[in-house]
Amino acid sequence: MAEVAEFVIKYRLARAAMDLAATILAFDDFDAEADAVALDEAMSGAGTDEEKIIEILTNRTNEQRQDIIAKYEASFGKDLVKRLKRETRGDFEDTLQAILDPPPVYDAKELRKAIDGAGTDEDVVIEIMCTRMAGEIEAIKEAYAAEFDRDLKEDLEDEARGHFKYLLVSLCAAGRDESDEVDEDAAATDAQDLFDAGEDRWGTDESVFNRILATRNYAQLRAIFEAYNGIAGEDIEDSIRGECRGDLQDGYLAIVQYSRRPGEYFADRAYNALRGAGTKDNQLIRVIVSRSEIDLLRVRAAFMVKYETGLASFVDSDCGGDYKALLLGMIKGDGEPE
């Protein structure tokens, strides 16, 4: 078995505490050496057997893929990831690289890509920072430091501005309660504080929103939002749209929407990546890869209910070639709405 970095262990522990609805499960008759040999054969001789590569890698968990990578190097003296990179191109190559990275490394790379260079892709930063559990955030910070010799919090502080920066720093502190416990009295107090900080004053006290949205567990947040509706006479999402603008509004809404309906949140992200002229492939890849071992079954169901078509069917009609086959191998059909 491959040596595992501490941040990967933290990530796996965080994931183990989740209510999973994954499309990719551990392969029962897993044999890392047999898979390594099969992958080597798929890349040897004239041409590459992409179908075999897809069949193996979309039916193994990331943990099993890491064992295959280690066994490949031990067996053939070569780096499997680099070998696949030489044999593949385009979106197919990018997706393979994504599924072969340990999840915290993949998230760290996506964040670095989003904040490096001229301008910041706040959309990517919001998607990752506003939807990962505290344990996942801690693992991502360590992976970021290991991969880039940089501090994620400092980079986010340098790239973001105003109250959006403070929200990201709060999220980066990974202080969210991860229990499912609900305190109705505390929810009523927080709901009143949110109302007082927004609707009931001139201007908005964003520090109150940051404190509550970045630290309360998701079940508690749902109770807070229900109590808020009773106090304000409108939904918290409508209040946020009325009180905030730009990236801060998008960040707050992402937390609210994910806490309420995580499957629908990522179904929307996938749909927005697919609709219109051209596909936002990086976004589509990130949604499918990052949720495939967590809740892609729920994302599929939410997609079907909201858009009256299956996620797999939409990908099938919008994407092509080996790239499409790889995505479909992770989605594993349209399924039935819950």
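**Overall architecture, core and internal spaces of an all-helix model**

The protein has 21 helices and zero strands. Its radius of gyration is 21 Å, close to the 20 Å that the globule rule gives for 338 residues, so the protein is as compact as a globular protein of that length. The model described here is predicted. Taken along the principal axes, the box filled by the C-alpha atoms is roughly 70 × 45 × 40 Å. Of the 338 residues, 50% are buried, and among the contacts with a separation of 6 or more, 73% join residues that lie 24 or more positions apart.

The largest nonpolar core contains 104 residues, among which Leu-57, Met-129, Leu-284 and Val-315 touch the most other members. Helix α16, spanning residues 246-260, gives the most to this core, with seven residues. For Met-129, once the neighbours within four places in sequence are left aside, the contacts are with Leu-111, Ile-137, Leu-152, Leu-156, Leu-168, Leu-171 and Cys-172.

Towards the end of the chain, helix α21 covers residues 321-331, and its buried residues are Tyr-323, Leu-326, Leu-327, Gly-329, Met-330 and Ile-331. The elements that cover these buried residues include α3 (50-57), α6 (90-100), α18 (281-291), α19 (296-307) and α20 (311-318). Just after α21, Lys-332 adopts a positive phi of about 60°. Helix α19, one of the covering elements, also holds Leu-297. Leu-297 has a relative accessible area of 33% and is therefore partly exposed, a class that lies between the 20% limit for buried and the 50% limit for exposed residues. With neighbours within four places in sequence set aside, Leu-297 is in contact with Ala-21, Ala-22 and Thr-23, while its C-alpha atom is separated by 9.6 Å from that of Gly-333, which is 36 residues away along the chain.

Two further residues illustrate how individual helices are placed against other parts of the chain. Leu-221 is found in helix α14 and, at 0% relative accessibility, counts as buried because this value is under 20%. Apart from its neighbours within four places in sequence, Leu-221 is in contact with Arg-176, Ile-212, Leu-213, Arg-216, Ile-255 and Ser-259. For one of these partners, Ser-259, the C-alpha atom is separated by 7.0 Å from that of Leu-221, although the two residues are 38 apart along the chain. Arg-112 belongs to helix α7, residues 103-115, and is likewise buried, since its relative accessible area of 13% is under 20%. The contacts of Arg-112, again without the neighbours within four places in sequence, are with Tyr-144, Phe-148, Arg-150 and Asp-155.

The largest pocket holds about 640 Å³ of space. It is lined by 26 residues, and those closest to its centre are Asp-19, Tyr-218, Arg-222, Tyr-258 and Pro-262. At least two residues of this lining are supplied by each of α14 (218-232), α16, α17 (262-274) and α19. By class, the lining of the largest pocket comprises ten nonpolar, four polar and twelve charged residues.

In addition to this open space, two cavities of 30 Å³ or more are found in a search of the whole structure. The largest cavity has a volume of about 120 Å³, and its lining consists of 15 residues, with Arg-15, Pro-103, Tyr-106, Val-289 and Ser-290 lying nearest its centre. Two or more residues of this lining come from each of α1 (6-16), α4 (62-76), α6, α7 and α18, and the largest share, three residues, is that of α7. The lining of the largest cavity divides into six nonpolar, three polar and six charged residues.

The second largest cavity contains about 70 Å³ of space. Of the 14 residues that line it, Met-129, Arg-132, Ile-137, Leu-171 and Arg-176 lie nearest its centre, and the elements that give two or more residues to this lining are α9 (134-148) and α11 (162-172). Nine nonpolar, three polar and two charged residues make up the lining of the second largest cavity. Met-129 thus appears both among the residues that touch the most other members of the largest nonpolar core and among those nearest the centre of the second largest cavity; two of its contacts, Ile-137 and Leu-171, are also listed nearest that centre.

Technical notes:
Residues are numbered from 1 along each chain as its sequence is written. This is a predicted model: local features need pLDDT of at least 70, side-chain atom pairs count only at pLDDT 80 or more; totals for chains, interfaces and linings use all residues. Side-chain values use heavy atoms; hydrogens and water are left out. A nonpolar core is a set of buried Ala, Val, Leu, Ile, Met, Phe, Trp, Tyr and Cys residues joined through side-chain atoms within 4.5 Å. Buried means under 20% relative accessible area, exposed over 50%, partly exposed in between (1.4 Å probe, protein chains only). Helices (H or I, at least four residues) and strands (E, at least two) are DSSP runs, numbered from the N terminus. Contact means heavy atoms within 4.5 Å. On a 1 Å grid over the protein atoms alone, a cavity is a set of points where a 1.4 Å probe fits but cannot get out, and a pocket is an open set with protein on both sides within 12 Å along at least five of seven lines; lining residues have an atom within 4 Å of a point. Grid points are joined across faces, edges and corners, and a volume is the space filled by probe spheres set on the points. Ala, Val, Leu, Ile, Met, Phe, Trp, Tyr, Cys and Pro count as nonpolar, Asp, Glu, Lys and Arg as charged, and the others, Gly among them, as polar. The radius of gyration is taken over C-alpha atoms; the globule rule is 2.2 Å times the number of residues to the power 0.38.
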